[in-house]
Amino acid sequence: MIRLGKQTIKLNNPPTIVNTASIVGPKESEGPLAKYFDQCLEDEFWGEKTWEKAESKIIKETVNSVISKSGIPSNDINFCFAGDLLNQCISSSFGLRELNIPFFGIFGACSTFVEGLCLASVFLDSGAANNILCATSSHFCSAEKQFRFPLELGNQRPPTAQWTVTGSGAVVVSKVGTGPYITHITPGKIVDMGIKDANNMGAAMAPAALDTLITHLNDTQRKPSYYDAIITGDLGHIGKEILIELAESKGFNIKNIYNDCGVLIFDKNSQDTHSGGSGCACIGTVFSGYFFKQLKNRKLNRILLIATGALTNATSSQQGESIPSIAHAVAIEN
Amino acid sequence: MKPIETKQEYNDYVDKKSPNSPIFKNCFNAFFVGGLICSIGQIIMDFCKFKGMDETISSTVVSIVLIAVSAILTGLNIFNKIGKFAGAGSLIPITGFANSIVSPAIEYKSEGYIMGVGGKMFTIAGPVLVFGISSSVIIGIIATLFI
């Protein structure tokens, strides 16, 4: 692999995404992408006593599913990169404790999915591994409990608020294969433009997405039109509009090829999700469920996947801190 | 659009891009539902008086009934729907206070009865209790000394 420009890595032996799996919760099952997910749950508990246990079960079952779909025996999977939103990433570590695969717990908030793909790609290209598993999860109820208010509290959400996706997305990436290939990775910088409103994450994260997008295009000397689709993780409706305008002000027109997983996963009008979906599972499930199939069917051949994350917690919000954000990108091509 | 360079410029831009809450609709709903809850309270009060209870006992019965009904509706996952519609209309009367105690109690039951229910029950109502009781003590002292 070689480094291009400021912060992009070009993979000389581009790893293949062998297969993906996705499980989503009941609200996502009523959304426009429902038919693309492997499994739709009927309730948030999935037979467990707590939401935290339910989230662990979701990531565990998604990982089991992707391993069997990939056709690679789990003994041949060398490493696992996984993370989630709960404190100390307990969904991943509890859910995957019986997996018996060397485990890296990673945290990049909602950017974790692509952070995992970046690290896996470098491991595979360097020869350190032959097959790697990447997984993330989030759960609306456990996230609300940790970051906001009890679910039964009778309060109102502002129009800028986003809805944490319940679900998990997992992929198996291999050193050799027939594609889709991860050709470039662009790890992002922490960007903080001073947004303090924890109910407006899209606006907080959009500048980070812009920074990574422009850096990637400059480093690779590509134009936005090189890609069939540029996809961000969870900027939502407001963040999406902001990113389009910010990119335009810097001379990049992405309007026709750009979309956001948080916009795609819910129907804003009928599902009352305000600015759209968010959470680690947002890009995890939408990529695993929808975009991977588009790549496999050659309806899309070159996509730039940019996962955005708000690196904040409940304490920092209460202390009035602004929200540092991050965005990691991977170019996936046939 | 001009490129945005500073945090201040970006914050101003985001303020313009972010839709505000529908304040007139929210105020109307709050006024309507809040008024309805208070009217129900008044009906209970008049009924108690009709049954021969005095003023103090009647108002205590009103509080008990409204708190009990809100707690039960919270447990049935109905109060949050009323609250979403009514906002301050169901939050400000004693119904909102009951909801703010029962909802964390349900939420944190998974952490056990001592540290979960007991420890977390007042996470939302705590500030109301602290400042409500403190201010009543201060006013009580002022009233005792000067009136």
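Of the 334 residues that make up chain A, 57% count as buried, a figure that, like every other value in this account, is computed from a predicted model. The secondary structure of chain A comprises 11 helices and 15 strands. Along the principal axes, the C-alpha atoms of the chain occupy a box of roughly 55 × 50 × 35 Å. A compact globule of 334 residues would be expected to have a radius of gyration near 20 Å, and because chain A has 18 Å, the value agrees with that expectation. When contacts in chain A between residues at least 6 apart in sequence are considered, 79% of them join residues at least 24 apart.

The chain is divided into two parts, with domain 1 covering residues 2-174 and domain 2 covering residues 181-333 of chain A. Between the C-alpha centres of domain 1 of chain A and domain 2 of chain A there is a distance of 17 Å, and the contact between these domains draws on 60 residues from domain 1 and 59 residues from domain 2. On the side of domain 1 of chain A that touches domain 2 of chain A, at least two residues each are supplied by a set of helices and strands that includes β3 (16-24), α4 (112-126), β7 (131-138) and β9 (167-174) of chain A. The largest share of that side, seven residues, comes from α4(A). By class, the residues on this side of domain 1 of chain A divide into 29 nonpolar, 23 polar and eight charged.

One of the contributing strands, β9(A), deserves a closer look. This strand is mostly covered, since eight of its eight residues are buried, and the burial extends to both of its faces. On one side lie Gly167(A), Gly169(A), Val171(A) and Val173(A), and on the other Ser168(A), Ala170(A), Val172(A) and Ser174(A), all of them buried. Strand β9(A) pairs with β3(A) in the antiparallel sense over eight bridges, and eight bridges likewise join β9(A) to β7(A), again in an antiparallel arrangement. Val171(A) can serve as a reference point for both pairings: Thr20(A) stands opposite Val171(A) in β9(A), while Val171(A) is also the bridge partner of Cys134(A).

From the contact between domains we can turn to the contact between chains. Here 28 residues of chain A are in contact with 31 residues of chain B. The elements of chain A that give two or more residues to the side touching chain B are α6 (201-220) and α7 (236-249), and the largest share of that side, seven residues, comes from α7(A). The side of chain A that touches chain B has 13 nonpolar, eight polar and seven charged residues.

Helix α7 of chain A also contains Ala247(A), whose surroundings can be followed in some detail. Ala247(A) has 22 other C-beta atoms within 10 Å and is therefore buried, the cut-off for a buried residue being 20 or more. Apart from its neighbours within four places in sequence, Ala247(A) is in contact with Leu210(A), Leu213(A), Phe252(A) and Ile254(A). Of these partners, Leu213(A) lies 34 residues away from Ala247(A) along the chain, yet the C-alpha atoms of Ala247(A) and Leu213(A) are separated by 8.7 Å.

Methods. Residues are numbered from 1 along each chain as its sequence is written. Chains are lettered from A and ligands numbered from 1 in the order in which they are written. This is a predicted model: local features need pLDDT of at least 70, side-chain atom pairs count only at pLDDT 80 or more; totals for chains, interfaces and linings use all residues. Helices (H or I, at least four residues) and strands (E, at least two) are DSSP runs, numbered from the N terminus. The radius of gyration is taken over C-alpha atoms; the globule rule is 2.2 Å times the number of residues to the power 0.38. A residue is buried if 20 or more other C-beta atoms lie within 10 Å of its own, exposed if 12 or fewer, and partly exposed in between; C-beta atoms are placed from the backbone. Two residues are in contact if their C-beta atoms, placed from the backbone, lie within 7 Å. Domain bounds come from an automatic or database domain assignment. Ala, Val, Leu, Ile, Met, Phe, Trp, Tyr, Cys and Pro count as nonpolar, Asp, Glu, Lys and Arg as charged, and the others, Gly among them, as polar. Two strands pair if DSSP finds at least two bridges between them.
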